Amino acid sequence: MSLIEQTFPIMEKLILNALQLAEQLHQQLTQETEALKHIQDAELIDTIAANKRQLVAQLEQFSQQLGQVLATEQLPNHQDGVQAYFQRTEAAGLSSVELTGNWAKLMSLCAECRALNEQNGASIELLARHTNRSLHILKGKSQTTMTYGPDGSTRSDNFTRPLISV
């Protein structure tokens, strides 16, 4: 039995498990998107963030295990190494159609997760800025606004009077 025949079932299981983790992460990110847009429930968002951290840690563990399998085959731990691994499985007569299909789904899903995570991060930053600005207005603290002058240059205007007195 060749080395590739020994690592093949391990690789199949690793990629399938990672695909399931990525699907769960995508689901959490989608739920986070909805929570940020509609509900704005801090407790729910915190729970989602904790779930995301756990899933990301598991995906990082997958990446390490994948690297170990690739190292066993003396292949680099990146996309080229994975593609070379798939070529070796084909050369050994192992059917890697399902394996390569799951890998392609995993890569696509990871790209979607990255995009969703970036969008959610931007939404969180925007909400935080809005909240801070509202607090500064309510407290009457100095507030700087950036405007454009007639020549197109930016200038700052400071406002220090309280807009609301309680």
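This passage describes helix H4, the residues around it, and the packing of helices H1 and H3 in a predicted model.

Helix H4 covers residues 97-139, a run of 43 residues. From its first C-alpha to its last, H4 reaches 62 Å, close to the 63 Å expected at 1.5 Å a residue. Just after H4, Gly140 takes a positive phi of about 75 degrees.

Several residues of H4 are buried, namely Leu99, Asn102, Trp103, Leu106, Leu109, Cys113, Leu116 and Asn120. An α-helix has 3.6 residues a turn, so residues three or four places apart point the same way. The cover over the buried residues of H4 includes three helices: H1 (3-39), H2 (42-72) and H3 (79-91).

Among the buried residues of H4 is Asn120. Its relative accessibility is 2%; because the limit for a buried residue is under 20%, Asn120 counts as buried. The side chain of Asn120 makes a polar contact of 2.7 Å with the side chain of Glu32. Apart from neighbours within four places in sequence, the residues in contact with Asn120 are Leu29, Glu32, Thr33 and Leu36. Glu32 thus appears both as the polar partner of Asn120 and in its list of contacts.

A second buried polar residue, Ser96, is found in the loop between H3 and H4. The relative accessible area of Ser96 is 2%, and the residue is therefore classed as buried, the limit being under 20%. A polar contact of 3.4 Å joins the side chain of Ser96 to that of Thr89. When neighbours within four places in sequence are left aside, Ser96 is in contact with Phe8, Phe86, Thr89 and Glu90.

Phe8, Phe86 and Thr89, listed among the contacts of Ser96, also take part in the contact between H1 and H3. The axes of these two helices, H1 and H3, come within 11 Å and cross at roughly 125 degrees. Angles from 65 to 115 degrees count as roughly perpendicular and those over 145 as roughly antiparallel, so H1 and H3 are oblique to each other. The crossing in which H1 passes H3 is left-handed. On the H1 side, the contact is made by Ile4, Thr7, Phe8, Met11 and Ile15. On the H3 side, Tyr85, Phe86, Arg88 and Thr89 make the contact. Thr89 therefore belongs to the contact of H3 with H1 and is joined through its side chain to the buried Ser96.

Conventions: Residues are numbered from 1 along each chain as its sequence is written. This is a predicted model: local features need pLDDT of at least 70, side-chain atom pairs count only at pLDDT 80 or more; totals for chains, interfaces and linings use all residues. Side-chain values use heavy atoms; hydrogens and water are left out. Helices (H or I, at least four residues) and strands (E, at least two) are DSSP runs, numbered from the N terminus. The expected span of a helix is 1.5 Å times one less than its number of residues. Buried means under 20% relative accessible area, exposed over 50%, partly exposed in between (1.4 Å probe, protein chains only). Contact means heavy atoms within 4.5 Å. A polar contact is a pair of N or O atoms within 3.5 Å; within protein, one must be able to donate a hydrogen and the other to accept it, and residues adjacent in sequence count only if both atoms are side-chain atoms. Axes are lines fitted to C-alpha atoms, for helices over the stretch in contact, and angles run from 0 to 180 degrees between N-to-C directions. Angles under 35 degrees count as roughly parallel, over 145 as roughly antiparallel, 65 to 115 as roughly perpendicular and the rest as oblique. A crossing is left-handed if the near helix is turned anticlockwise from the far one by less than a right angle, and right-handed if clockwise.
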